[in-house]
Amino acid sequence: MNKLLFKYFKKSLIVITILINIISGNLLAQSKNPSPLNFPTPKNVDNMLFYIQRDPNINTAIYAVNYSENGKIDKSNPIKSYWIRYAEKGEKKDFSYMQRKFAYGIESKTTVNNEEFELQFVSYKKLSLTLKKIDSDQKYHVFVNVNQKKIQVEKIFVRIEGGSFWLPNVKYAEITGIDASSNKTITERIVLK
């Protein structure tokens, strides 16, 4: 294996390890967000499903419905994802190859009825998400089952305290959205050991 390929392989493994640590762990209720950063809420983002924010900066990963030119969802690639680089004047930027393939990217497959999609982060296959159109607004939304609750995902926050660029000290991730049974906003925390 040549040196360049080995270097990218090594970095990929580190990124995968980081994201697995972000999502794994015990589920607990949220307290508050102790981050010292003031995170912006993405506004006027076409077809946005949810977003991810994390320390150590305010750049935000956006996940949106990917429509084809005919206005229907692209069944082979139903999610498009990219950065809004708030730390860089709000510039929109695609994920790098490494981020897309080993960290923040999402894989999808259609379900039996061919109108819903099973989604998984490339870095953690155990967290199963569902993309489907709901009757109440005829729009697509992403759902996840966390702590025996079905949540319509709106945002995910990842708390990082120290560590290094390739091996941050991830404390927890929080999933915020609408509880499907009560229609109220809830946050569930995934605590890392």
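Leaving aside its neighbours within four places in sequence, which residues is Leu-131 in contact with? Before I answer, please keep in mind that what we are looking at is a predicted model.

If we set those close neighbours aside, Leu-131 touches Leu-49, Ile-73, Pro-78 and Ile-79, then Glu-115, Glu-116, Phe-117 and Leu-119, and finally Tyr-140, His-141 and Val-142. Leu-131 also belongs to the largest nonpolar core, a set of 32 residues, and together with Phe-50 and Tyr-63 it is among those with the most contacts inside that core. Strand β10, which runs over residues 149-163, supplies the largest share of this core, namely five residues. Apart from this core there lies another one, made of five residues, and among them are Val-45, Tyr-51, Ile-62 and Ile-84.

Let me turn now to two polar residues, beginning with Arg-189, which you will find in strand β12, residues 185-191. Is Arg-189 buried or exposed? Its relative accessible area is 12%, and because buried means under 20%, Arg-189 counts as buried. Its side chain makes a polar contact with the side chain of Glu-174, at 2.6 Å.

The second residue is Ser-181, whose place is in the loop between β11, residues 168-179, and β12. Here the relative accessibility is 70%, and since exposed means over 50%, Ser-181 counts as exposed. The side chain of Ser-181 nevertheless has a partner, for it makes a polar contact with the side chain of Asp-179, at 2.8 Å. If you follow the chain, Ser-181 and Lys-150 are 31 residues apart, while in space their C-alpha atoms are separated by 7.4 Å.

Key. Residues are numbered from 1 along each chain as its sequence is written. This is a predicted model: local features need pLDDT of at least 70, side-chain atom pairs count only at pLDDT 80 or more; totals for chains, interfaces and linings use all residues. Side-chain values use heavy atoms; hydrogens and water are left out. A nonpolar core is a set of buried Ala, Val, Leu, Ile, Met, Phe, Trp, Tyr and Cys residues joined through side-chain atoms within 4.5 Å. Buried means under 20% relative accessible area, exposed over 50%, partly exposed in between (1.4 Å probe, protein chains only). Helices (H or I, at least four residues) and strands (E, at least two) are DSSP runs, numbered from the N terminus. Contact means heavy atoms within 4.5 Å. A polar contact is a pair of N or O atoms within 3.5 Å; within protein, one must be able to donate a hydrogen and the other to accept it, and residues adjacent in sequence count only if both atoms are side-chain atoms.
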